[in-house]
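Trainee: I have a model to go through before the afternoon. Can you show me how each label is justified?
Mentor: Put it up and ask away.

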2 protein chains.
Amino acid sequence: MAEDYPVQLKLEHQLCFALYACSREMTKLYRPFLDELGLTYTQYVTLLVLWEQDNVSVKQLGEHLLLDSGTLTPLLKKLEAMRLVARVRDPKDERSVLVQLTEEGRALRSRAEHIPESVFCQVGLTFEEGGKLRERLQQLVEEMQKR
Amino acid sequence: MAEDYPVQLKLEHQLCFALYACSREMTKLYRPFLDELGLTYTQYVTLLVLWEQDNVSVKQLGEHLLLDSGTLTPLLKKLEAMRLVARVRDPKDERSVLVQLTEEGRALRSRAEHIPESVFCQVGLTFEEGGKLRERLQQLVEEMQKR
DNA sequence: CTCATATTAATTGCATGCAATTTAATTGTG
DNA sequence: CACAATTAAATTGCATGCAATTAATATGAG
């Protein structure tokens with residue numbers, strides 16, 4: 001490698017790449033657990049939102065997950081085909097589609113409850129460390145969304 | 001929302017989601033700069049590796065980027081079609097494909113050099129803070145890869 | 001040397017992400 | 001009220017990611 005290679009372009013110095021790599025590796029750790037539930041990672045986080053608050057619009061889901069209808073519509077149709085959610089037009093605003101958990105979708109929650117802790121243990125993070133890192137990342141997301 | 005909702009499943013408490021969201025938002029900040037160069041984010045990080053070390057195999061690229069040939073092969077074919085790289089079989093091991101920058105690919109580097117700093121400024125991170133966060137994420141990636 | 005094993009890319013199939021466009025419904029203004 | 005502007009999903013098109021399989025080449029144990 002040339003000695004005069006500009007330091008600011010080195011892959012090792014890129015925060016963006018550290019985030020990108022870390023996110024993908026984390027998702028890989030979830031995969032075996034999610035496979036047991038027959039869920040993809042994105043389907044899983046969508047259910048996390050719904051387990052917290054049922055009967056939310058696609059728009060609201062997108063605001064929580066930072067995803068748009070281009071990603072959510074096909075994903076929700078799959079969850080619907082799996083009988084985990086129902087999609088119904090909001091009678092009060094026919095533009096909106098409300099996503100509602102089915103009994104089966106609600107029931108799946110108990111089988112998912114152990115997953116975050118299982119993954120957390122695997123990476124050897126203390127609750128303290130993980131929380132700090134998460135808060136730092138959440139700050140950064142907020143900062144970036146202002147732009 | 002039910003008061004007894006299990007705290008460990010709240011989206012806000014998930015490190016995995018903070019990483020996932022932060023990585024995607026960061027990539028969005030890069031997009032306008034990369035659009036100017038006609039590159040996607042993944043093409044960009046691939047070039048970061050090549051600018052540091054030219055003439056590397058697909059396998060080596062994958063080790064740096066944590067990507068497999070399923071992702072890299074089509075991406076490299078696109079970079080080849082854009083005349084930024086060449087793909088040649090390694091004469092010493094015909095199983096390997098070596099990726100080499102073209103003159104044009106090498107030249108693109110000078111137009112990319114300002115990008116990391118431009119993005120960094122936008123997010124309002126000090127060099128110090130960004131570096132610490134990056135190192136923490138790199139540690140975490142290493143930890144996860146052991147599993 | 002030889003053939004089973006391992007390694008490297010390429011291919012295939014599926015599920016995202018996201019920009020851009022389209023369609024349908026609602027809202028605000030004169 | 002009429003209608004332009006806005007909003008919410010859906011659709012389309014393209015580029016990943018990644019598991020699984022395949023094809024070609026290299027390696028190593030006997």
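Trainee: What makes up the part of DNA strand D that lies within 4 Å of the protein?
Mentor: Remember that this is a predicted model. Of the atoms of DNA strand D within 4 Å of the protein, 75% belong to sugar or phosphate. The rest belong to bases.

Trainee: Which residues come nearest to DNA strand D?
Mentor: There are 29 residues around DNA strand D. Tyr20(A), Ser69(A), Lys77(A), Arg87(A) and Thr40(B) come nearest.

Trainee: Why is the pair between Tyr20(A) and a phosphate oxygen of DNA strand D called a polar contact?
Mentor: The cut-off for two N or O atoms is 3.5 Å. A polar side-chain atom of Tyr20(A) lies 2.4 Å from a phosphate oxygen of DNA strand D, so the pair qualifies. Lys77(A) also has a side-chain N or O atom 2.6 Å from a phosphate oxygen of that strand. Glu94(B) uses a backbone N or O atom, at 3.0 Å.

Trainee: What is the make-up, by class, of the surface near DNA strand D?
Mentor: That surface has six nonpolar, ten polar and 13 charged residues.

Trainee: Which residues come nearest to DNA strand C?
Mentor: Thr40(A), Tyr20(B), Ser69(B), Lys77(B) and Arg87(B), out of 29 residues around DNA strand C. Sugar and phosphate account for 76% of the atoms of DNA strand C that come within 4 Å of the protein.

Trainee: Which side-chain distances link chain A to a phosphate oxygen of DNA strand C?
Mentor: For Thr42(A), the distance from a side-chain N or O atom is 2.9 Å. For Gln43(A), it is 3.1 Å.

Trainee: How do you know that a two-fold axis relates the chains?
Mentor: Chain B can be laid on chain A by a turn of 180° and a shift of 0.0 Å along the axis, with an RMSD of 0.0 Å. That is the relation of a two-fold axis. Also, 100% of the interface residues of chain B are interface residues in chain A, so the copies meet through the same surface.

Trainee: Why are E1 and E2 of chain A called edge strands?
Mentor: The open sheet has three strands in the order E1-E3-E2 (chain A), with antiparallel pairing. Strand E1 (56–57) and strand E2 (85–90) each pair on one side only, so they are the edges.

Trainee: What makes E2(A) and E3(A) a pair?
Mentor: Pairing needs at least two bridges. E2(A) and E3(A) have six bridges, in the antiparallel sense, so they count as paired. In one of these, Val85(A) has Leu101(A) as its bridge partner in E3(A). H2(A) packs on the sheet and touches E1, E2 and E3 of chain A.

Methods
Residues are numbered from 1 along each chain as its sequence is written. Chains are lettered from A and ligands numbered from 1 in the order in which they are written. This is a predicted model: local features need pLDDT of at least 70, side-chain atom pairs count only at pLDDT 80 or more; totals for chains, interfaces and linings use all residues. Side-chain values use heavy atoms; hydrogens and water are left out. Copies are superposed by least squares on the C-alpha atoms of residues with pLDDT of at least 70 in both. Contact means heavy atoms within 4.5 Å. A residue is near a molecule or strand if one of its heavy atoms lies within 4 Å of it. A polar contact is a pair of N or O atoms within 3.5 Å; within protein, one must be able to donate a hydrogen and the other to accept it, and residues adjacent in sequence count only if both atoms are side-chain atoms. Helices (H or I, at least four residues) and strands (E, at least two) are DSSP runs, numbered from the N terminus. Axes are lines fitted to C-alpha atoms, for helices over the stretch in contact, and angles run from 0 to 180 degrees between N-to-C directions. Ala, Val, Leu, Ile, Met, Phe, Trp, Tyr, Cys and Pro count as nonpolar, Asp, Glu, Lys and Arg as charged, and the others, Gly among them, as polar.
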